[in-house]
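Colleague: Could you take a close look at one part of this model for me, namely the open sheet, and walk me through how its strands are put together?

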Amino acid sequence: MCFKYLNWKTFLWVSTLLLNGCATVPVSNNDAKNVPPERIISKTTQVKNPGEATLIVKRDSGFTGSGCNIIIYLDGKAIAELGTGEKVTFYAQPGDHVLSAKQTSICVAGLKEVGITLKENDNKTYRISFGGNVDMSINATAF
């Protein structure tokens, strides 16, 4: 009887650790790899014009959601397709925008969007992450 109790308790403990370990891990701007040029969809956003803001969007590393890439959009226009631990740097005019992230293929996270306001020559960084419930989010980050 004691043997069965230990197995159940061990199973519960390991399951909890695995579920908690499913959340992704932030990567710094220095550690994130640049998205390969072949996955940059909007080449025009790669050229900085006077007064434009600089945006860095990076994707966490980790297992959760790693089976699919994520397409980054600005105001509904596809910018680049990110894999885990990758980033894209692009430029946009000052003003109000909608930054979006959507998984490719059959992945279940769907579309996530956030409203952003850019000022002239702003520098902003956003992070795509996954929680333990495979819920994708896009948020401003200082890391």
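**The open sheet, strand by strand**

Modeller: In this predicted model, a good place to begin is the pair β8 and β9, which run antiparallel and are joined by five bridges. Within that pair, Tyr126 has Ala140 of β9 as its bridge partner. Strand β8, residues 123-130, also pairs with strand β2, residues 53-59, and here the sense is parallel, over six bridges; Leu55, for instance, has Lys124 in β8 as its bridge partner. Strands of a sheet pair through backbone hydrogen bonds, in either the parallel or the antiparallel sense.

Another pairing involves β1 and strand β5, residues 86-92, which run parallel and are joined by two bridges, with Lys33 standing opposite Glu86 in β5. Taken as a whole, the open sheet has five strands in the order β1-β5-β2-β8-β9, and its pairing is mixed. Because β1 (33-34) and β9 (136-140) stand at the edges and each has a single partner strand, one side of each is left without a neighbour in the sheet.

One residue to consider alongside the sheet is Ala80, whose place is in strand β4, residues 77-82. Ala80 has a relative accessible area of 0% and is therefore buried, the cut-off being under 20%. Leaving aside residues up to four places away in sequence, Ala80 touches Val35, Arg39, Ile40, Ile41, Ile70, Ile71, Ile72 and Val88. The C-alpha atoms of Ala80 and Glu38 are separated by 9.1 Å, the two residues being 42 residues apart along the chain.

Conventions:
Residues are numbered from 1 along each chain as its sequence is written. This is a predicted model: local features need pLDDT of at least 70, side-chain atom pairs count only at pLDDT 80 or more; totals for chains, interfaces and linings use all residues. Side-chain values use heavy atoms; hydrogens and water are left out. Two strands pair if DSSP finds at least two bridges between them. Helices (H or I, at least four residues) and strands (E, at least two) are DSSP runs, numbered from the N terminus. Buried means under 20% relative accessible area, exposed over 50%, partly exposed in between (1.4 Å probe, protein chains only). Contact means heavy atoms within 4.5 Å.
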